[in-house]
Amino acid sequence: MKLCVNTSTFAQPGSTTVPLTEKIRLAAALGCTHIELWSVELSAWCESGHDLAELKTILGDAGLTVPSVISLLGWLDHTGAEHVAALDKCKKQMEQAAAVGAPRIVATPPIVIGEKTCDFDLDLAAARYRELLEVGGELGVWPMMEFLGFVRSVYLLEQAVAIAE
């Protein structure tokens, strides 16, 4: 049996209470063969002066591969220059995912919690998702359309399918 653990199991993503190397050690000690990393962890790793090639070696030495990275944010939230900036950030995150060997990255919709439903155009969402797919295709990292029942933007399977088609 192959097991995968999300690093948020050990501590909130981006938290410094449990270093990424310790999360990797714990995942290996649990007998996992895969570990799901967060983009914020990869960015923090780089910002602390480390190289992602070094991280990929650490993962390999621990017997772990990265099936996917969490998460692309902002790709559906903005227009104009803000959208261009969000897409650039998504590209950087996909490059980081590729650097650690992840073939996939989660594309998270706008996070809207509570009763209010985010009102957006599914055709626009599909066009924006297509942009992510095109960037991912160039990098060899495929964005996965995410829907979450507790988030009031894309929370139904039908919405996710409409965007992905």
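This is a short talk on the pockets, the nonpolar core and one cis peptide bond in a single protein chain.

Okay, let's start with the model itself. It is a predicted model. The chain averages a pLDDT of 91. And 95% of the residues score at least 70. Element by element, helix α3, residues 52-61, has the highest mean pLDDT, at 98. Helix α6, residues 157-164, has the lowest, at 85. A general caution here: where pLDDT is low, don't read the predicted coordinates in detail.

Now the pockets. The largest one has a volume of about 420 Å³. Its lining is made up of 19 residues. Which of them lie nearest the centre? Trp-38, Val-40, Ile-70, Ser-71 and Leu-73. Three elements each give two or more residues to that lining: α2 (39-47), β3 (68-72) and α4 (80-99). Helix α2 provides the largest share, with 5 residues. By type, the lining has 9 nonpolar, 6 polar and 4 charged residues.

On to the second largest pocket. That space is about 250 Å³. Here 14 residues form the lining. Closest to the centre are Ser-15, Val-18, Pro-19, Leu-20 and Ala-44. The elements giving two or more residues are α1 (20-29) and, again, α2. Once more α2 gives the largest share, this time 4 residues. The split by type is 6 nonpolar, 6 polar and 2 charged. So keep α2 in view on your screens: it leads the lining of the largest pocket and that of the second largest.

Back to the largest pocket for one detail. Where is the cis bond? The peptide bond from Ile-70 to Ser-71 is cis, with omega near 0 degrees. In general, most peptide bonds are trans. Ser-71 sits in strand β3. And Ile-70 and Ser-71 are both among the residues nearest the centre of the largest pocket.

Last topic, the core. The largest nonpolar core holds 36 residues. Those touching the most other members are Ile-35, Leu-37, Leu-55, Leu-59, Trp-75, Val-100 and Leu-132. Which helix gives the most to this core? Helix α5, residues 122-139, with 5 residues. As a general point, nonpolar side chains in soluble globular proteins tend to be buried together.

Take Val-100 as an example. Leave aside neighbours within four places in sequence. Val-100 is then in contact with Leu-37, Leu-42, Leu-52, Leu-55, Lys-56, Leu-59 and Val-66. Note Lys-56 in that list. Leu-37, Leu-55 and Leu-59 were also named a moment ago, among the core residues that touch the most other members.

Key. Residues are numbered from 1 along each chain as its sequence is written. This is a predicted model: local features need pLDDT of at least 70, side-chain atom pairs count only at pLDDT 80 or more; totals for chains, interfaces and linings use all residues. Side-chain values use heavy atoms; hydrogens and water are left out. pLDDT is the predictor's confidence in each residue, from 0 to 100. On a 1 Å grid over the protein atoms alone, a cavity is a set of points where a 1.4 Å probe fits but cannot get out, and a pocket is an open set with protein on both sides within 12 Å along at least five of seven lines; lining residues have an atom within 4 Å of a point. Grid points are joined across faces, edges and corners, and a volume is the space filled by probe spheres set on the points. Ala, Val, Leu, Ile, Met, Phe, Trp, Tyr, Cys and Pro count as nonpolar, Asp, Glu, Lys and Arg as charged, and the others, Gly among them, as polar. A nonpolar core is a set of buried Ala, Val, Leu, Ile, Met, Phe, Trp, Tyr and Cys residues joined through side-chain atoms within 4.5 Å. Buried means under 20% relative accessible area, exposed over 50%, partly exposed in between (1.4 Å probe, protein chains only). Contact means heavy atoms within 4.5 Å.
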